[in-house]
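Q: I'm new to this one and would like some help reading it. Can we go through it feature by feature?

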Amino acid sequence: MRKEMISGFADEAAKDFETQLRTVQSLGMKYLCIRALDGRSIVDFTEEEARNYIRPMLEKYGLAVSSLGSPIGKIDIGDEEGFARQCAELDTLCRVARVLDCRYIRLFSFYMPKGEDPGKYYDLVVAKMRKFIAICDRYGVIPMHENEKGIFGDVGRRCLMLMHAMGNTSLVCAYDFANFIQCDEDTVECYRMLAPWIRYVHVKDAHYSDHMVVVAGTGDGRLREIFAMLRDDGYDGFLTMEPHLRVFDSLKSLESTVEEKTVEEGVFRTGIEAYTAQYHALCGILDEIGVQ
């Protein structure tokens, strides 16, 4: 692992794109993950806007894009109209990714009906995910599945099912500590289970007791232990901060339900303050385990 591979969801620092870029640059970071900018989701931008606005702004601040934090797959499994719309959005997003020299796009494996066994929807999830992956493959973009709460792949065993089902495809894992905790999963067990497919890591910590998101390294995610395992396993990908230490605009628009109790409001006065605290906490952990 290398510290220069630290990235982050910059919309958690600020809504305004230039403020996002200034914040990232001021911390000495080289990368950011784009999820929303200027109050718009990245899926709402055209290829022309990426070329004429987003890329020149990145070049102005000397920054590159680690991934596009799309909401693709954050729809109900039975929403056929939404699925068709998202396939079209993903096609455009892949073209945006190429303009921005970005290799990775985040995907999700669909919200499951409450109270039903997600296993009932396995075949449908696999079929729809394969369509997403085929779109990414046309553009040479790598799709990565995040273990989000409430979707098919929210727990380790179903993430593993998905990876096995997609064994001959380009799909990889984006490993999220806090999301596993909020599903009462063992983070180390999930890491060991999914290690062959983990190509991206979201740095977000939480407590099992109340599912509260907290500063990296202060929760139950066992970040130090897993980062040491990543180091020893030769991981050379991005460590992307997704602090969730304040309720911000993108969280309200991207989550199916925002549980205020999972975000410890009042600890940080601004998004920049929270983002900066997460950065220094992450650097501190990496220092402890000898990552240069």
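Q: Let's start with one residue. Where is valine 141 found?

A: Keep in mind that this is a predicted model. Valine 141 is in the loop between α4 (122-139) and β7 (142-146).

Q: Is valine 141 buried or exposed?

A: Buried, because its relative accessible area is 3%, and the cut-off for buried is under 20%.

Q: Which residues does valine 141 touch, not counting those up to four places away in sequence?

A: Its partners are Cys94, Ala97, Arg103, Tyr104, Ile105 and Cys136. You can also check a distance in the viewer: the C-alpha atoms of valine 141 and isoleucine 72 are separated by 14 Å, and these two are 69 residues apart along the chain.

Q: Now a helix residue. Where is threonine 187, and what is it in contact with beyond four places in sequence?

A: Threonine 187 belongs to helix α7 (residues 187-194). Its relative accessible area is 0%, so it counts as buried. Leaving aside neighbours within four places in sequence, it is in contact with Tyr175, Phe177, Phe180, Ile181, Tyr208, Asp220, Gly221, Arg222 and Ile226.

Q: And alanine 195, where does that one sit?

A: Alanine 195 is in the loop between α7 and β9 (198-203). With a relative accessible area of 25%, alanine 195 is partly exposed. Its C-alpha atom is 9.1 Å from that of tyrosine 175, and the two are 20 residues apart along the chain.

Q: How do I read a whole helix? Which residues of α1 are buried?

A: Go along the helix and pick out the buried positions. In α1 (residues 17-26) they are Phe17, Glu18, Gln20, Leu21, Thr23 and Val24. The elements covering them include β2 (31-34), β3 (36-37), α2 (47-61) and α10 (271-288).

Q: What is there to see at the ends of α1?

A: At the N-terminal end, aspartate 16 acts as a cap, with a side-chain oxygen 3.3 Å from the backbone nitrogen of glutamate 18. After α1 comes glycine 28, with a positive phi near 85°.

Q: Which residues are buried in α8?

A: In α8 (residues 223-232), the buried ones are Leu223, Ile226, Phe227, Ala228, Met229 and Leu230. Glycine 234, just after α8, has a positive phi of about 80°.

Q: What about the cysteines: how many disulfides are there?

A: First the idea: a disulfide is a covalent bond between the sulfur atoms of two cysteines. Here the count is 0 disulfides.

Q: Why does cysteine 173 have no such bond?

A: Because the closest cysteine sulfur, in cysteine 159, is 5.9 Å from its own, which is too far for a bond; the cut-off is within 2.5 Å. Cysteine 283 is in no disulfide either, and the nearest cysteine sulfur, that of cysteine 33, is 18 Å away. As for burial, cysteine 173 is buried at 3% relative accessibility, and cysteine 283 is buried too, with a relative accessible area of 11%.

Q: One last feature. How many cavities of 30 Å³ or more are there?

A: The general idea is that rolling a probe the size of a water molecule over the atoms shows where empty space is left. In this model the count is 2 cavities of 30 Å³ or more. The second largest holds about 30 Å³ of space.

Q: What lines the second largest cavity?

A: Its lining is made up of Glu12, Pro243, Leu245, Arg246, Gly271, Ala274 and Tyr275. Those residues divide into 4 nonpolar, 1 polar and 2 charged.

Notes
Residues are numbered from 1 along each chain as its sequence is written. This is a predicted model: local features need pLDDT of at least 70, side-chain atom pairs count only at pLDDT 80 or more; totals for chains, interfaces and linings use all residues. Side-chain values use heavy atoms; hydrogens and water are left out. Buried means under 20% relative accessible area, exposed over 50%, partly exposed in between (1.4 Å probe, protein chains only). On a 1 Å grid over the protein atoms alone, a cavity is a set of points where a 1.4 Å probe fits but cannot get out, and a pocket is an open set with protein on both sides within 12 Å along at least five of seven lines; lining residues have an atom within 4 Å of a point. Grid points are joined across faces, edges and corners, and a volume is the space filled by probe spheres set on the points. Ala, Val, Leu, Ile, Met, Phe, Trp, Tyr, Cys and Pro count as nonpolar, Asp, Glu, Lys and Arg as charged, and the others, Gly among them, as polar. Helices (H or I, at least four residues) and strands (E, at least two) are DSSP runs, numbered from the N terminus. Contact means heavy atoms within 4.5 Å. A polar contact is a pair of N or O atoms within 3.5 Å; within protein, one must be able to donate a hydrogen and the other to accept it, and residues adjacent in sequence count only if both atoms are side-chain atoms.
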